[in-house]
Amino acid sequence: MAVIWINGAWYDRNSAKVSVFDHGLLYGDGVFEGIRAYQGRVFRLEQHLERLYDSARAIALTIPVVAAELAAVIEEGVRRSGLKDAYIRPLVTRGDGDMGVDPRKCSSPNLLVIVDSLKMWPADRYEQGIAVVTAGTPIPHREALSPRVKSLNYLPHVMAKQEANVAGADEAIMLDSSGHVAEGTGQNIFVVKKGVLKTPPSYAGILLGITRGVVLELAAQAGHPAREEMINRYDLYTADEALLCGTGAEIAPIRLADGRVVGTGKPGPITRDLMARFRALTRGD
Ligand code: PMP
């Protein structure tokens, strides 16, 4: 069952409440993380916390506890939830203020941890591959709102997802403001051409996914060459294989991109190898 920790106390789904004056709600002023636990073990917790604290620093928000304390709350939340496989959502907002965007109106941040479960796509999508469409909505320009900050401003991503829904696709591919392929609405992207994996580099202004890092590690272990370089829709359309990866999505093969069949239209050998390695790493089988 879902358990929620708010500023030091535990709640259930019905009793967990935040103020209507919370600036996270009013202005999207806050940052968050999405983390998974597999078989009761939190996956890559340290890296997620590092990104959370960096996101907070980038928006001049001070998280009221140190990372070790937050880690202990997360571990306890997983235990209390009784969930073997859990999805964990730590969230920090500027806090309760009054009307007006000025962050000085908020005296102290609100810190929340939600532990629940998460379902992404049905199992057959992982076997057959997913269909993606390019969204007309780009990711925010890196100097408007850095995509490196995992902030509470997901409206462009929500609108891109809506475009995918309207098109009957499983996911949207978002471009950056100059038209390079950036990421999915909650995943990073890899393409494979002639045995070489390619993914947009950190300086592309994307969210640097923890799963993206895991895929690069697994590729290195398996001896699949991988490069971080800018990719265009052409690279996706002409790829031998393509995949999306993220904490929620894990590794999902792409079978169709804007109506073009990717590779053979079936999950390719490198994607399947990475999926198997990821499963072994997370589920330990
Ligand atoms: N890009 C975006 C926009 C995301 O929201 C996410 C999910 N956090 C990712 C990429 C993948 O990141 P991670 O692997 O750390 O979940």
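User: What makes the approach of an oxygen atom of the ligand to the side chain of Arg51 a polar contact?

Analyst: In this predicted model, an oxygen atom of the ligand is 2.8 Å from an N or O atom in the side chain of Arg51, and since a polar contact is a pair of N or O atoms within 3.5 Å, the pair qualifies. By the same cut-off of 3.5 Å, a ligand nitrogen atom at 2.7 Å from an N or O atom in the side chain of Lys150 counts too, as does a ligand oxygen atom lying 2.6 Å from a polar side-chain atom of Thr211.

User: How much of the accessible area of the ligand does the protein cover?

Analyst: On its own the ligand has 380 Å² of accessible area, and the protein covers 95% of that. The space that the ligand takes is the largest pocket.

User: Which residues are the closest to the ligand, and what classes make up the shell around it?

Analyst: The ligand is surrounded by 15 residues, of which Lys150, Tyr154, Glu183, Thr211 and Thr247 are the closest. Sorted by class, the shell consists of nine polar, three nonpolar and three charged residues; Tyr counts as nonpolar in this scheme, whereas Lys and Glu count as charged.

User: Why can the chain be set against a compact globule, and what does its radius of gyration show?

Analyst: For 285 residues, a compact globule would have a radius of gyration near 19 Å, and because the chain has 19 Å, the value agrees with that expectation. Along the principal axes, the C-alpha atoms fill a box of roughly 55 × 40 × 30 Å, and the secondary structure of the chain comprises 16 strands and eight helices.

Notes. Residues are numbered from 1 along each chain as its sequence is written. This is a predicted model: local features need pLDDT of at least 70, side-chain atom pairs count only at pLDDT 80 or more; totals for chains, interfaces and linings use all residues. Side-chain values use heavy atoms; hydrogens and water are left out. A residue is near a molecule or strand if one of its heavy atoms lies within 4 Å of it. A polar contact is a pair of N or O atoms within 3.5 Å; within protein, one must be able to donate a hydrogen and the other to accept it, and residues adjacent in sequence count only if both atoms are side-chain atoms. Accessible areas come from the Shrake-Rupley method with a 1.4 Å probe; for residues, only the protein chains shown count as cover. On a 1 Å grid over the protein atoms alone, a cavity is a set of points where a 1.4 Å probe fits but cannot get out, and a pocket is an open set with protein on both sides within 12 Å along at least five of seven lines; lining residues have an atom within 4 Å of a point. A molecule sits in a cavity or pocket if more than half of its atoms lie within 2 Å of its grid points. Helices (H or I, at least four residues) and strands (E, at least two) are DSSP runs, numbered from the N terminus. The radius of gyration is taken over C-alpha atoms; the globule rule is 2.2 Å times the number of residues to the power 0.38.
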